[in-house]
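Thank you all for making time this morning. I would like to walk through one structure slowly, taking its open and enclosed spaces, then its sheets, and then two of its helix contacts.

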Amino acid sequence: MLKLGIVAVVMAVVVVVGLLYRHQRRKLGKHHPPLIWSFLPGDFGRLIQLLLVNHHLYDYAVEQTAKLGWVWCFSLPFRNPIYVVVHPDDVAHILHHNASNYIKGRETHDALADMLGEGIFTVDGDRWKRQRQAGAHLFKNRLLRSAVVVFYNKVKSNLFPFLGHGKIIDVQLLLHNFTMASFCEIAFGDDGILSSKDTYEFGRAFDACSRMIQLRQVISFWRLLPNAPVAHFVNTLDRVLYKIVDARLRAIRSDRSALDDNEDVISRFVSIPPENAGGLDFSDRKTLRDVAINFILAGRDTTAQLLTWSLYFITTTAGVEQKLLAEWEAAGLPISPLPPPPTMEMLKRLKYTKAVLDESLRLRPPVPLDFKEAVSADVLPKTKQVIPPNTLITWSAYVMGRQQSLWGDDVALFRPERWLESNVEPTRSPVFQGPGPRLCLGQNFAYLEAKCVLYMLLCRYHFEVPRGKRPPYVQVGITLKAGNGVHLRATERE
């Protein structure tokens, strides 16, 4: 009897595995790319596999690319297969050459909507187009010039007081608070809206919510799970966001001439006529709240992470700091504890400084992966991979930046010179979503802010990694933060 029971169990397992395999083959179709391996069969097996590697998901994707090639896929419960596309030519096809066929789509919109609402990062079509047109105004040269003055003053008031005297500080937290303060002044027209407590609570809620929201891209049945944790952090975000929106709306109501200048984001959107709003109501607080958090995501998190990782790589890579100081001195920028404000034109000429930032973006892209949905069937130009309609596509700047065949044998090294030795095509490292219609509006803004901040910090301080501190590790989320912070010691230059 015991032997018969064992045989029955084995046969049942074989039948179940066979049915799972048959279902998977039918779901994937004939022309699917290589599928990731999992120790348990079927879609739920792969889901468990991804959840187990979630703490190092991006490096796991690098490993899978090395094993499976330029296109691979994973199949998860209750959703179409997700294709991972890595080759720059195929990514450029998705982002640029055939961009109209690849949209954010309903799945990505719904996963992000609790946090980002109907903002520019979640919508498609006319709603996206109208918001992009309105937001482009913020990044014109005239406003960028005045932004440099804000950066300069904010470094003096929001960074210098917390650095020096050999103190060890989490520069990631410090720089996120800095970019929040500077962006609020530039984008929302008022520096005194938020307290330090507001800034801290917003950052904490944003990071926690970001991690939870990112998991929704993997767990298709997230709607069946408790939403209370996400709702809790969204409530904290809303408290701060409505504080920004309401302050600006009060200023507009008390003086309608404030709309005539149209310099800040809220005024710019409020002044959009309904017929040009793409179906959105920009007089509505919730709509303006969505506008605000999407612009803060672009202006706070991404630039703060660019600065954080750049400072860490400069500190840990021999010779880079000296080359930066030499370039600034040669460009006529004085090396002193409190230099005069640099101009936009002076900052734009700093080629080695830009190479340092580009190399940091290659190894630590602020937005490590992005999702698109195929509207119609397509064939990728490089790999000739067939893309069925409604397929969810993900591409990863993190994975692309670690391909030896694209960057050479020293792919793992931080070496800014690679950006000066040859003309690196933007498609090889498309961290700004370009080229293409969704090319980041704030690209020049981010470079200017990062150059200004690095110049002022490194003229005044020398940074080093304290002994005994654990190296920063990458945390999974919408943006690429260090899960344990980035702790550095800052001492004044002699």
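Let me begin with the largest pocket, which has a volume of about 470 Å³, and let me say at once that what we are looking at is a predicted model. The lining of this largest pocket is made of 24 residues, and those that lie nearest its centre are Lys354, Asp358, Trp419, Val424 and Tyr447. Three helices each supply at least two residues of that lining, namely helix H16, at 351-363, helix H19, at 418-421, and helix H20, at 443-460. Which of them gives the most to the lining of the largest pocket? It is H16, with five residues. As for the chemical character of the lining of the largest pocket, it divides into 13 nonpolar, five polar and six charged residues.

From the pocket I turn to the enclosed spaces. Rolling a probe the size of a water molecule over the atoms shows where empty space is left. When the whole structure is searched, six cavities of 30 Å³ or more are found, and the largest cavity holds about 770 Å³ of space. That largest cavity is lined by 38 residues, of which Phe121, Ala298, Thr302, Val367 and Gln433 are the closest to its centre. Two or more residues of its lining come from each of H5, helix H6 (125-136), H13, E5 and H20, and the largest share, eight residues, comes from H13. By class, the lining of the largest cavity has 24 nonpolar, ten polar and four charged residues.

The second largest cavity has a volume of about 250 Å³. It is lined by 21 residues, and the closest to its centre are Leu57, Phe74, Leu369, Phe371 and Thr394. Here the elements that give two or more residues to the lining are helix H3 (57-68), E1, helix H9 (196-215) and E8, with the largest share, four residues, coming from H3. The lining of the second largest cavity divides into 15 nonpolar residues, five polar and one charged.

Some of those strands belong to a sheet, so to the sheets we go next. Five strands form an open sheet in the order E1-E2-E8-E5-E3, and the pairing is mixed. Strand E1 (71-74) and strand E3 (102-103) stand at the edges with a single partner strand each, so that one side of each is left without a neighbour in the sheet. E1 is joined by four bridges to strand E2, residues 82-85, and the two run antiparallel; within that pair, tryptophan 72 stands opposite valine 84 in E2. Helix H5, residues 105-116, packs on this sheet, touching E3, strand E5 (370-374) and strand E8 (392-395), and its direction makes about 145 degrees with that of E5.

There is also an open sheet of three strands, in the order E4-E12-E9, where the pairing is antiparallel. Its edge strands are strand E4 (167-170) and strand E9 (461-464), each of which pairs on one side only, and the twist averages 35 degrees from one strand to the next. Four bridges join E4 to strand E12, residues 487-492, and isoleucine 169 stands opposite leucine 488 in E12. Packed on this sheet is helix H8, residues 171-188, which touches E4 and E12 and whose direction makes about 60 degrees with that of E4.

Finally, the helices. Two packed helices are described by the angle between their axes and the distance between the axes. Helix H10 (residues 228-254) and helix H13 (residues 285-316) pack at an angle of about 105 degrees, with their axes 9 Å apart, which means that H10 is roughly perpendicular to H13. On the H10 side the contact includes Val234, Leu237 and Leu241, and on the H13 side it includes Arg285, Leu288 and Ile296. The residues of this contact of H10 with H13 divide into eleven nonpolar, no polar and five charged.

H13 also meets H16, and here the axes come within 9 Å and cross at roughly 105 degrees. H13 and H16 are therefore roughly perpendicular to each other. Among the residues in contact are Leu306, Trp309 and Phe313 of H13 and Val356, Leu357 and Leu361 of H16. By class, the contact of H13 with H16 has eight nonpolar residues, two polar and no charged.

Terms used
Residues are numbered from 1 along each chain as its sequence is written. This is a predicted model: local features need pLDDT of at least 70, side-chain atom pairs count only at pLDDT 80 or more; totals for chains, interfaces and linings use all residues. Side-chain values use heavy atoms; hydrogens and water are left out. Axes are lines fitted to C-alpha atoms, for helices over the stretch in contact, and angles run from 0 to 180 degrees between N-to-C directions. Angles under 35 degrees count as roughly parallel, over 145 as roughly antiparallel, 65 to 115 as roughly perpendicular and the rest as oblique. Contact means heavy atoms within 4.5 Å. Ala, Val, Leu, Ile, Met, Phe, Trp, Tyr, Cys and Pro count as nonpolar, Asp, Glu, Lys and Arg as charged, and the others, Gly among them, as polar. On a 1 Å grid over the protein atoms alone, a cavity is a set of points where a 1.4 Å probe fits but cannot get out, and a pocket is an open set with protein on both sides within 12 Å along at least five of seven lines; lining residues have an atom within 4 Å of a point. Grid points are joined across faces, edges and corners, and a volume is the space filled by probe spheres set on the points. Two strands pair if DSSP finds at least two bridges between them.
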